[in-house]
Structure formats: structure tokens, C-alpha cells
Amino acid sequence: MPFSQHDHRHMARALQLAERGAWTTRPNPMVGCVLARDDHAVGEGFHVRKGGPHAEVVALEAAGTAARGATAYVTLEPCAHTGSTGPCADALIAAGVSRVVAAMRDPFPQVDGAGFERLRAAGVEVASGLMEAQARMLNRGFLSRVERGRPWVRLKLACSLDGRTALANGESKWISGPASRADVMRWRARAGALLTGSGTVLADDPHLTVRLGTDAPFATPLRVVLDAGLATIARGNIRDAAAPTVYVHAHDTKVPKGFDAPRTSVARDAAGQLDLAAVLARLGDAGINEVQVEAGATLAGAFLRAGLVDELLLYIAPVLLGEGGRPLFDGLGIETMAQRLKLQTIETVRVGDDLRLLLRPSSS
């Protein structure tokens with residue numbers, strides 16, 4: 001059965017609502033819901049945070065008795081299990097909704113079609129697949145964790161017009177402008193973890209926190225430091241109380257006495273470096289949906305070389321740093337044009353004086 005113009009309009013609104021939870025819902029997915037009769041919406045809502053009411057329940061409360069006989073447009077299959085809240089499928093059935101249109105099936109094992117089955121068994125008409133591509137992109141982090149067992153990896157970089165990230169002596173503050181630096185904070189706010197390497201901590205002593213300068217709510221991201229030998233544990237900013245921090249070191253590293261910060265260990269890869277795939281798997285097990293990597297050329301190159309980068313967030317400033325400046329990536333080992341890494345430009349946005357590119361490897 002084809003979807004109508006009304007169906008598309010209400011689902012587009014549900015997706016807009018879902019995105020309002022981008023900074024607060026994790027580790028849960030972002031979900032929006034619109035209850036409507038033909039062209040008229042009678043209730044809407046979105047999921048704000050884990051443990052709070054789901055989007056369907058918020059929309060049902062807003063609609064009241066007008067929900068009976070209405071169509072529910074939901075960006076993700078209604079749940080059919082009891083977690084922090086009760087099953088949304090049951091709530092829709094009890095309210096007398098006659099039809100449910102979902103953007104996509106929920107691959108989470110405790111749902112994965114069970115919500116649709118329960119609705120159909122109660123006589124509710126169910127349709128799925130409307131604007132599914134948009135819904136998947138909205139929840140790319142949650143879906144990556146559930147379907148691939150690891151978070152979605154976003155690599156944030158800033159460079160000059162000639163592709164340099166710092167001067168030869170390492171000085172890099174500031175290549176990008178204040179508008180770009182403020183924009184980065186909004187991307188950080190949607191990440192479950194902000195990841196850097198020991199080299200960046202030793203060179204820059206970053207805070208790696210979200211500083212929005214507003215009252216906008218967000219869930220504080222975890223700071224993750226990849227430090228195979230725990231060489232940075234005496235550094236100050238990354239150890240402050242502004243955000244939780246976990247250190248990832250090698251299995252064979254001797255942990256200093258008295259070091260009580262949260263930590264975990266993974267194996268080394270064939271090159272003797274930390275196994276990045278194992279790091280991401282560990283973060284996925286911890287419920288992290290999206291990781292934003294903010295690191296130097298060595299670690300950035302290692303993630304890219306391992307095929308673990310899902311998207312690049314690149315800020316290009318209209319400045320030149322010259323041939324002696326430091327590159328975006330080290331260690332890619334590209335010697336022929338046939339080896340070049342192809343990227344797809346998803347979005348190009350002017351941010352202050354800078355240009356922000358959102359790129360994805362063509363194989364993703």
C-alpha cells in the first residue's frame with residue numbers, strides 16, 4: 001500500500017521531533033511520534049532521556065481521547081517489552097489507535113518485530129518503511145552499536161586551506177574560528193564519548209568537554225584516553241571533575257600504584273599499538289552509540305587506515321600554514337592513485353569564516 005502525502009508530512013514531523021533528543025536520549029535511540037487524523041495532528045512527542053516516557057506515551061497523553069481511531073507515526077518500531085517503561089505497543093492498543101506507520105523496524109533484540117506482531121494481533125493496521133533512510137541516519141549511532149557491536153565513529157579535524165593541522169613546532173591554536181569551535185561543541189554534545197590519544201594529551205592538555213554557553217540540556221560525554229603505557233595519568237585537565245574519564249591501556253602495561261582512575265585494557269595489534277577495533281567493541285558494550293575522535297595525525301591515520309571511521313567532520317579555515325606544517329593524517333601508506341581513499345561529501349556548510357565538510361568513506 002503506497003504512503004499518502006499526509007503520511008509523508010506527519011513522518012517528517014516525527015523525525016524532526018525525534019532529533020530534539022539528540023543530546024539527551026543516549027544510550028536509547030531518538031524517537032518521535034505524531035498522532036493524526038488525515039491532515040490534522042492531535043498529539044505529538046519525542047523521547048527525551050533513558051528512564052523517561054517514550055515518544056508514543058508523550059504523544060498519547062497530549063492527544064487524550066482524540067487518539068482513538070487515529071494513526072500513529074513513529075520513527076522506530078514501538079517496543080513490546082518492559083524496560084525502564086512499559087511496552088509502547090500496549091499503550092497504543094489501549095488508546096484505540098487504528099493504524100501505526102513506522103519508519104523502520106527496531107533491530108534491538110528485545111523488540112525486532114515483536115512490537116509490530118503485538119499490534120497486528122490486536123487488530124491494528126501496521127505499515128513500515130516510510131522515510132526509513134532518514135530514520136536510519138538519525139539513529140546511526142544506536143544502529144551501529146546494535147547491528148555492528150561498535151559505536152559510530154566520527155573523526156573531527158580542523159585544517160588550513162593547504163591541509164595543515166599545526167605548524168611544524170606543533171602550535172595549532174587557533175586554526176579555525178570561534179564560530180567553528182562553538183559548532184564543535186554541538187557535535188560533542190551528541191556523542192556518547194569523546195576519544196583522544198596520549199600524544200594529544202601530552203601536547204595540548206585538552207579539557208575535552210562540552211561548553212555550550214547555554215542552558216540547553218545534554219548528557220555529559222565520557223572522555224576516553226588511549227594511552228597504551230599510561231604515560232599521561234599525571235596530566236591535569238583530562239582528570240578534572242567536569243566529565244568522567246576512562247583510560248584505555250595495553251594488557252601488558254604495569255599500572256602505577258595508587259592510580260585509581262577508571263581504566264580498561266585491550267590487546268595490542270600486530271604493530272604493537274592498541275587494538276582500535278577492540279577499543280570500540282568495549283565502548284559498544286558500555287552503551288556508547290557515537291564516538292567523536294579528536295586526536296592528532298597518528299591516531300587519526302590509524303583509525304582511517306583500520307577502516308573504522310564512519311564520517312569525518314572537517315573544518316577548513318581560510319589560512320595557509322605552509323609546507324612545513326603538520327598533516328591531517330600519518331601512516332596511510334598511499335603510494336599510487338589506485339590506493340587513494342575516496343570520500344563522499346554529505347554536507348558543506350559555511351561556519352563563520354570557515355567551511356565545514358561532513359564526509360563519509362565511499363565504502364560506508
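# A tour from strand β13 outwards

Select strand β13 first: both of its faces are covered, with Glu311, Leu313 and Tyr315 buried on one side and Leu312, Leu314 and Ile316 buried on the other. In a regular strand, side chains alternate between the two faces of the sheet. Strand β13 covers residues 311-316, and six of its six residues are buried. Keep in mind throughout that this is a predicted model.

**Neighbours of β13**

Add β6 (152-159) to the selection. β6 and β13 pair in the parallel sense, over six bridges. To find the register, pick Lys156, whose bridge partner in β13 is Leu313.

Next add β16, residues 354-361, which runs antiparallel to β13 and is joined to it by five bridges. Here the register can be read from Ile316, which has Leu355 in β16 as its bridge partner.

**Helix α10**

Now select residues 297-305, helix α10. Why is α10 described as largely enclosed by the rest of the structure? Seven of its nine residues are buried, so the helix has the rest of the structure around most of it. Those buried residues are Ala297, Leu299, Ala300, Gly301, Ala302, Phe303 and Leu304.

Show what surrounds them. The buried residues of α10 pack against the strands β6 (152-159), β8 (193-197), β9 (222-226), β12 (290-293) and β14 (326-327), and against helix α9 (276-285). β6 has thus appeared twice on the tour, as a partner of β13 and as a packing surface for α10. Step just past the end of α10 to Gly307, which takes a positive phi of about 70°.

**Leu208**

Move to the loop between α8 (198-204) and β9, and select Leu208. Is Leu208 buried or exposed? With a relative accessibility of 4%, Leu208 counts as buried, because the cut-off for that class is under 20%.

Which residues does Leu208 contact, leaving aside its neighbours within four places in sequence? They are Arg188, Leu194, Leu195, Thr196, Arg223, Ile238 and Glu294. For a distance check, draw a line from the C-alpha atom of Leu208 to that of Arg186: the two residues are 22 apart along the chain and their C-alpha atoms are separated by 13 Å.

**Strand β1 and its partners**

Turn to β1, residues 32-37. This strand is mostly covered, with five of its six residues buried. Add β2 (residues 40-46), which is antiparallel to β1 and joined to it by six bridges. Cys33 stands opposite Gly45 in β2. Two residues lie between β1 and β2 in this hairpin, and Asp38 in the turn has a positive phi of about 55°.

Then add β3, residues 71-74, another antiparallel partner of β1, held by four bridges. Ala36 has Thr71 as its bridge partner in β3.

**The nonpolar cores**

Select Met11, Leu35, Ala72, Leu92, Val97, Val100 and Leu119: of the 40 residues in the largest nonpolar core, these touch the most other members. Helix α1 (residues 5-19) gives the most to this core, with five residues. Apart from it lies another core, of 35 residues, among them Leu157, Leu195, Val309 and Leu359. Leu195 was already met as a contact of Leu208.

Return to Val100 and show its surroundings. Not counting residues up to four places away in sequence, Val100 touches Ala72, Pro78, Leu92, Leu119, Val124, Glu125, Val126 and Ala127.

**Two cysteines**

Select Cys79 and Cys88. How many disulfides does a search of the whole structure find? The search finds zero. Cys79 is in no disulfide, and its nearest cysteine sulfur is that of Cys88, 3.7 Å away. That distance is too far for a bond, because a disulfide needs sulfur atoms within 2.5 Å. Both side chains can be checked for cover: Cys79 is buried at a relative accessible area of 6%, and Cys88 is buried at 0%.

**The whole chain**

Finally, zoom out. The chain's secondary structure comes to 10 helices and 16 strands. Its C-alpha trace spans about 70 × 50 × 45 Å along the principal axes. The radius of gyration is 23 Å, which agrees with the value near 21 Å for a compact globule of 364 residues.

Buried residues make up 49% of the chain. Among contacts between residues at least 6 apart in sequence, 69% join residues at least 24 apart. With the surface displayed, the accessible area comes to about 16,800 Å², of which 52% belongs to carbon and sulfur atoms.

Note on methods. Residues numbered from 1 in each chain as written. Predicted model: local features only at pLDDT ≥ 70, side-chain atom pairs only at ≥ 80, totals over all residues. Heavy atoms only, no water. Core = buried A, V, L, I, M, F, W, Y, C linked by side-chain atoms within 4.5 Å. Buried < 20%, exposed > 50% of the residue type's maximum accessible area, 1.4 Å probe, protein only. Contact = heavy atoms within 4.5 Å. Pairing = 2+ DSSP bridges. Rg over C-alpha atoms; globule rule 2.2 N^0.38 Å. Areas by Shrake-Rupley, 256 points an atom, 1.4 Å probe, with all protein chains shown as cover.
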